[in-house]
Amino acid sequence: MKRIAVLFVVACISACFLSACGGSERSFDSGGARQDKMEVYDADGRKILKTSDQDVLDYFSNIIGMSAEELDEENYQDFVKDVPEDAKVSYHYVFSTKREDGKTGHVDFYVYENYPYITMKGMPAMGSLTWQLSKEAFEKVNDVEDMANGK
């Protein structure tokens, strides 16, 4: 049962971000375009990036989706991690999407400088979820300059 729940959550994560970032032409109650944005804060809480550039949003979403695709039945117990007490946050990514009802939804991601983990918080009906990133994904989420350029 736990395995099914984890698989469901990972599928939702991937679907949420790939669809949320892919539908910029949808209109909302104000008649304007969908308003998705990402803000990135450094370890000291200073905002270092704010963007609504679709390429950048897609780039980050693809990293998250691909890291979740590595989950399979053989490794699901190792997929979900506990954040070690000595983990140091390197960046805090905040995704915001204006919903059809006019409210804004937020999902937070925390990446660490000393562990290749990412923690997601803010998905409705669940707490936080932490999982390990590949070496390549870890390097990408810890390089905000390249992230800002969608590289």
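A pocket is an open set of grid points with protein on both sides within 12 Å along at least five of seven lines, and its lining residues have an atom within 4 Å of a point. The model examined here is predicted. Its second largest pocket has a volume of about 170 Å³. Of the 10 residues that line this pocket, Asn-62, Ile-63, Met-66, Ala-137 and Lys-140 are the closest to its centre. Two elements, α2 (54-69) and α4 (135-141), each give two or more residues to the lining. The most comes from α2, which supplies 5 residues. Sorted by class, the lining of the second largest pocket consists of 4 nonpolar, 3 polar and 3 charged residues.

Helix α2 also takes part in the largest nonpolar core, to which α2 gives the most, with 6 residues. This core has 27 residues, and those with the most contacts inside it are Met-38, Phe-60, Tyr-93, Phe-109 and Trp-131. At least two residues of the core come from each of β1, α2, β3 (89-98), β4 (104-112), β5 (117-121), β6 (129-132), α4 and α5 (144-148). Both α2 and α4 are thus named for the pocket lining and for the core.

Strand β1 spans residues 36-42 and includes Asp-36. Asp-36 counts as buried because its relative accessibility is 8%, and the cut-off for buried is under 20%. The side chain of Asp-36 makes a polar contact with the side chain of Thr-97, at 3.0 Å.

Methods. Residues are numbered from 1 along each chain as its sequence is written. This is a predicted model: local features need pLDDT of at least 70, side-chain atom pairs count only at pLDDT 80 or more; totals for chains, interfaces and linings use all residues. Side-chain values use heavy atoms; hydrogens and water are left out. On a 1 Å grid over the protein atoms alone, a cavity is a set of points where a 1.4 Å probe fits but cannot get out, and a pocket is an open set with protein on both sides within 12 Å along at least five of seven lines; lining residues have an atom within 4 Å of a point. Grid points are joined across faces, edges and corners, and a volume is the space filled by probe spheres set on the points. Helices (H or I, at least four residues) and strands (E, at least two) are DSSP runs, numbered from the N terminus. Ala, Val, Leu, Ile, Met, Phe, Trp, Tyr, Cys and Pro count as nonpolar, Asp, Glu, Lys and Arg as charged, and the others, Gly among them, as polar. Buried means under 20% relative accessible area, exposed over 50%, partly exposed in between (1.4 Å probe, protein chains only). A polar contact is a pair of N or O atoms within 3.5 Å; within protein, one must be able to donate a hydrogen and the other to accept it, and residues adjacent in sequence count only if both atoms are side-chain atoms. A nonpolar core is a set of buried Ala, Val, Leu, Ile, Met, Phe, Trp, Tyr and Cys residues joined through side-chain atoms within 4.5 Å.
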